[in-house]
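Here is a set of exercises to work through with the model open beside you. Try each task before reading its solution.

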Amino acid sequence: MKNIKIIEVPSEIGAGTRGASLGVDAIKIAALDFMSNFFVHFPSEKIQEENNLLFEPIQSPYAKRIHGVLNIYERLSKAVCDSINGHFFPVILSGDHSSSGGTITGIKMAKPKSKLGVIWIDAHSDMHTPYTTPTGNMHGMPLAIAIGEDNEECKMHTLDEKTKKLWEQLKNLGGIFPKVLPEDIVFISLRDFEKEEKALIEKYTMKVITTGEVRRNGAESVSRKVLRYLSDCTDIYVSFDVDSLDSSISRGTGTPVSNGLKEREAEDLISKFMQNRKICCFEITEVNPTLDKENLMAEIAFNILQRSVNVLMMN
């Protein structure tokens with residue numbers, strides 16, 4: 001039976017829309033509304049956030065609040081590393097998706113020799129860099145950080161020295177570079193990305209599984225295919241951004257996109273992944289209750305969280 005540890009990251013400095021820092025508490029409120037005592041059962045740790053930076057002038061327009069993101073990475077990577085070394089399975093509940101680069105760093109710090117696979121269930125590929133970003137929002141960059149990619153072939157911006165130095169620190173955090181190889185990433189329900197990110201997907205022939213494929217073939221078949229593709233990996237991290245769900249049910253997130261997964265499709269798929277012994281960490285991110293009605297997004301996220309953890313504990 002796995003020992004679960006909940007790590008809360010109520011940070012939203014990487015997002016372009018305000019409110020994601022409230023997502024963790026919204027999921028807890030959903031548990032209470034369902035009369036569930038889920039959160040009583042597991043030890044938890046809360047990562048100190050840097051949300052005060054939202055009230056300060058932006059210093060790095062192509063990597064907004066990057067100094068705060070680096071602080072989050074340092075704290076979160078240590079928490080994840082310590083959890084794994086303490087024989088806990090870390091379940092991360094984060095505000096915005098930028099922090100997932102810190103999660104990946106923590107896994108690699110705890111398992112430096114592991115070949116880490118990533119299952120990225122998200123409408124977006126999050127592979128922009130400060131050189132290519134259309135927004136400067138760092139929740140669009142964590143996978144570029146993980147694979148150590150600048151994408152200078154598609155360069156649009158010239159960085160000041162301070163931003164460049166902080167970006168290099170993020171990529172090299174933990175003394176491991178790169179953390180993940182592009183061929184060890186699988187995107188699921190990816191459907192909204194820019195040409196600069198498409199160039200990287202094509203450059204590395206990265207694996208993409210569409211919403212249509214999940215719907216046609218079902219969770220069992222898709223999970224087998226993904227795990228077979230990542231069979232060389234010794235450990236696998238699953239990151240679930242709620243905007244992978246269809247925009248008809250994912251209003252409570254900053255970047256909803258149509259043609260996404262249905263709740264049951266996502267729940268079944270993640271539950272199948274959780275049955276595999278190589279899964280070493282699970283993250284749910286980007287719930288934003290300020291954009292929602294009746295806390296629906298958080299309720300869906302909690303249902304997926306609860307079922308996933310139950311499957312983990314059974315295996």
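**Exercise 1. The cis peptide**

In which loop is Pro178 found?

Solution. Start with the ground rules: this is a predicted model, in which local features need pLDDT of at least 70 and side-chain atom pairs count only at pLDDT 80 or more, while totals for chains, interfaces and linings use all residues. Residues are numbered from 1 along each chain as its sequence is written, and side-chain values use heavy atoms, with hydrogens and water left out. Helices (H or I, at least four residues) and strands (E, at least two) are DSSP runs, numbered from the N terminus. On that numbering, Pro178 sits in the loop between helix 5 (161-172) and strand 5. Now look at the bond leading into Pro178: the peptide bond from Phe177 to Pro178 is cis, with omega near -15°.

**Exercise 2. The order of the sheet**

Work out the strand order of the open sheet, then find its edges.

Solution. Two strands pair if DSSP finds at least two bridges between them.
- Eight strands form the open sheet in the order 2-1-3-8-7-4-5-6, with parallel pairing.
- Strand 2 (44-46) and strand 6 (207-209) each have a single partner strand, so these two are the edges and one side of each lacks a neighbour in the sheet.
- From one strand to the next the twist averages 15° (axes are lines fitted to C-alpha atoms, and angles run from 0 to 180 degrees between N-to-C directions).

Next, check some pairs by their bridges.
- Strand 1 (residues 4-9) is joined in parallel to strand 2 by three bridges, and Ile7 has Glu45 as its bridge partner in strand 2.
- Strand 1 also pairs with strand 3, over six parallel bridges; here Lys5 is partnered by Pro90.
- Strand 3 pairs in parallel with strand 8 over four bridges, where Leu93 has Ile284 as its partner.

**Exercise 3. Two covered strands**

How many residues of strand 4 are buried?

Solution. Buried means under 20% relative accessible area, exposed over 50%, and partly exposed in between (1.4 Å probe, protein chains only). In strand 4 (residues 116-121), six of the six residues are buried, so the strand is largely enclosed by the rest of the structure. Recall that in a regular strand the side chains alternate between the two faces of the sheet. Strand 4 has Leu116, Val118 and Trp120 buried on one side, and Gly117, Ile119 and Ile121 buried on the other.

Then turn to the partners. Six parallel bridges link strand 4 to strand 7 (residues 235-241), with Ile121 matched to Phe240. Strand 4 runs parallel to strand 5 as well, joined by four bridges, and Val118 stands opposite Ile185.

Finish with strand 3 (residues 89-94), where six of six residues are buried. Its covered faces hold Phe89, Val91 and Leu93 on one side and Pro90, Ile92 and Ser94 on the other.

**Exercise 4. Positive phi values**

Where does Arg65 lie, and is Arg65 buried or exposed?

Solution. Arg65 lies in the loop between strand 2 and helix 2. Its phi is near 60°, a positive value in a residue other than glycine, and its relative accessible area of 10% makes Arg65 buried.

Compare Glu286, in the loop between strand 8 (279-285) and helix 9 (296-314). Glu286 has a phi near 75° and counts as buried at 4% relative accessibility. Add His87, which follows helix 2 and has a positive phi near 65°.

**Exercise 5. Checking a helix length**

What span should helix 2 have, and does the model agree or disagree?

Solution. The expected span is 1.5 Å times one less than the number of residues. For the 20 residues of helix 2 (residues 66-85) this gives 28 Å, and the end C-alpha atoms are 28 Å apart, which agrees.

**Exercise 6. Cysteines**

How many disulfides does the whole structure hold?

Solution. With a disulfide taken as a pair of cysteine sulfur atoms within 2.5 Å, the search finds zero. Take Cys81: the closest cysteine sulfur, in Cys280, is 12 Å from its own, too far for a bond. Cys81 is buried, at 8% relative accessible area, whereas Cys154 is partly exposed, at 22%.
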